[in-house]
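The exercises that follow ask the reader to work from coordinates to statements about packing, burial and polar contacts. Each task is followed by a solution that proceeds step by step.

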Amino acid sequence: MRAHTIILGAGATIAAIPNGDKNANKSSVMNGLIEKLHLEDILNGIILNTKSDNLEDIYSELYSRPECQEAVSQLEWALYNYFSGLELPDYPTIYDYLVLSLTDKDVIATFNWDPLLLQAYVRCHKLTDNLPHILCLHGNVGVGYCTKHREFGTIDALCPICRKPLPPTKLLFPVKYKNYTNNEYIKGCWDATEYIIENSYMLTIYGYSAPSSDGEAVRLLKKAWGDLDKRQLEEVSVIDIISEDEILKKWDKFIYSHHYRYTNDFFSSYLGMFPRRSCETVFATVQLNVTPDCSKGFHKDMTWDEIRDVLRDVLLEEIQTPKGKNYPLHYYKKEQFN
């Protein structure tokens, strides 16, 4: 079965820590972010031309004004420092469910700077090592990269070759015209993302608003997804809090006809209902007319023990499946085959 690729934006992190992180610190979308993170002092004495409170607009203007370079540096440092301090609560979050809903054929490509997805990956690794690949399209405060040996990992890891601490990756800040090729690590993430999207059966967009300053990013994603006439069998899903009409306008270049699913929460998405078998289940439903069982997946407020119980048989099937073979179809009503 081909891959399921997830594109993550700030809305996913907000859903992961709706009440704040382990220390009650919150994340935010770009609108009002400077005020929400109490960074207004950095802008003291600067008269902005933009009336927007969106970080992307403010940063882009500051970056274009030579006299504001000190403010740019302070803002970059403050953002890096703030996001570095975010920490997942001990209980399962949306990011834990998300990581565990996919396998190693799948990819999560995130635009977020925060380290929460990586923290989820590390603790989910205790349940299984069959986990998705994570690609950080704008860099990430939780990732280190050895430029000499082209090795990357969590920021507290060592390069497996030179055994030196992995230096932090640079963050791609929100200037209007981003260059996705200047930084070796970010370029590698984009190259991998374009390849996996091109070869994906399913594409899910979770909490990503595709802001105007990310026009090049959306263009690259669309180029990878390709001609819709050649995507008549694939499925796009969107998880977001905005209306379905807005979703269809924003992502119309990715959706063929009615081949999409819209939901405003993770648990009613393909990922939540059919963890680790989303592609297999959708294919069987659409192409083989198999009725799925939507009651066996994740639900809100699960404990770690409950998650283990839900995934026990699915993980066992993966262990018993020969390499190169498709996993058994797990989420179906067995009486169909009696």
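Helices here are DSSP runs of H or I with at least four residues, and they are numbered from the N terminus. The model is predicted, and the solutions should be read with that in mind.

**Exercise 1. Place lysine 187 in the fold, and describe its exposure and its contacts.**

Step 1. By the definition just given, lysine 187 is found in helix H7, a helix that covers residues 184-198.

Step 2. The relative accessible area of lysine 187 is 34%, and because buried means under 20% and exposed means over 50%, this residue is classed as partly exposed.

Step 3. When its neighbours within four places in sequence are left aside, lysine 187 is in contact with Tyr180 and Thr181. The side chain of lysine 187 also makes a polar contact of 2.8 Å with the side chain of aspartate 191.

Step 4. For a distance across the model, take threonine 263, which is 76 residues from lysine 187 along the chain; the C-alpha atoms of the two are separated by 31 Å.

**Exercise 2. Describe how H7 packs with H8, and sort the residues of the contact by class.**

Step 1. Two packed helices are described by the angle between their axes and the distance between the axes. For H7 and helix H8 (residues 215-225), the angle is about 40 degrees and the axes are 7 Å apart, which makes H7 oblique to H8.

Step 2. The crossing of these two helices, H7 and H8, is right-handed.

Step 3. On the H7 side the contact involves Trp190, Thr193, Glu194, Ile197 and Glu198, which meet Ala217, Leu220, Leu221, Lys223, Ala224 and Trp225 of H8. Sorted by class, the contact of H7 with H8 contains seven nonpolar, one polar and three charged residues.

**Exercise 3. Carry out the analysis for H3 and H4, and then examine glutamine 69.**

Step 1. Helix H3 (residues 55-64) and helix H4 (residues 69-84) pack with their axes 8 Å apart and at an angle of about 140 degrees, so that H3 is oblique to H4.

Step 2. Leu55, Tyr59, Leu62 and Tyr63 of H3 meet Gln69, Val72, Leu75, Glu76 and Leu79 of H4, and the residues of this contact divide into seven nonpolar, one polar and one charged.

Step 3. Glutamine 69 lies in H4 and, with a relative accessibility of 32%, counts as partly exposed. Its contacts, once neighbours within four places in sequence are left aside, are with Leu62 and Tyr63.

Step 4. Glutamine 69 and threonine 303 are 234 residues apart in sequence, and their C-alpha atoms are 47 Å apart in space.

**Exercise 4. Is histidine 4 buried or exposed, and which elements do the buried residues of H11 pack against?**

Step 1. Histidine 4 has its place in strand S1 (residues 3-8), and because its relative accessibility is 0%, it counts as buried.

Step 2. The side chains of histidine 4 and threonine 204 are joined by a polar contact of 2.7 Å. Beyond neighbours within four places in sequence, the residues in contact with histidine 4 include Leu102, Asp106, Met202, Leu271, Ser278 and Cys279.

Step 3. Helix H11 (residues 278-288) has as its buried residues Ser278, Cys279, Glu280, Thr281, Val282 and Ala284. These buried residues of H11 pack against S1, strand S6 (200-206), strand S7 (235-239) and helix H10 (270-273).

Step 4. Just after H11, asparagine 289 adopts a positive phi of about 60 degrees.

Key:
Residues numbered from 1 in each chain as written. Predicted model: local features only at pLDDT ≥ 70, side-chain atom pairs only at ≥ 80, totals over all residues. Heavy atoms only, no water. Axes fitted to C-alpha atoms, helices over the stretch in contact; angles between N-to-C directions. Parallel < 35°, antiparallel > 145°, perpendicular 65-115°, else oblique. Left-handed = near helix turned anticlockwise from the far one by under 90°. Contact = heavy atoms within 4.5 Å. Nonpolar A, V, L, I, M, F, W, Y, C, P; charged D, E, K, R; others polar. Buried < 20%, exposed > 50% of the residue type's maximum accessible area, 1.4 Å probe, protein only. Polar contact = N/O pair within 3.5 Å; in protein donor to acceptor, adjacent residues only side chain to side chain.
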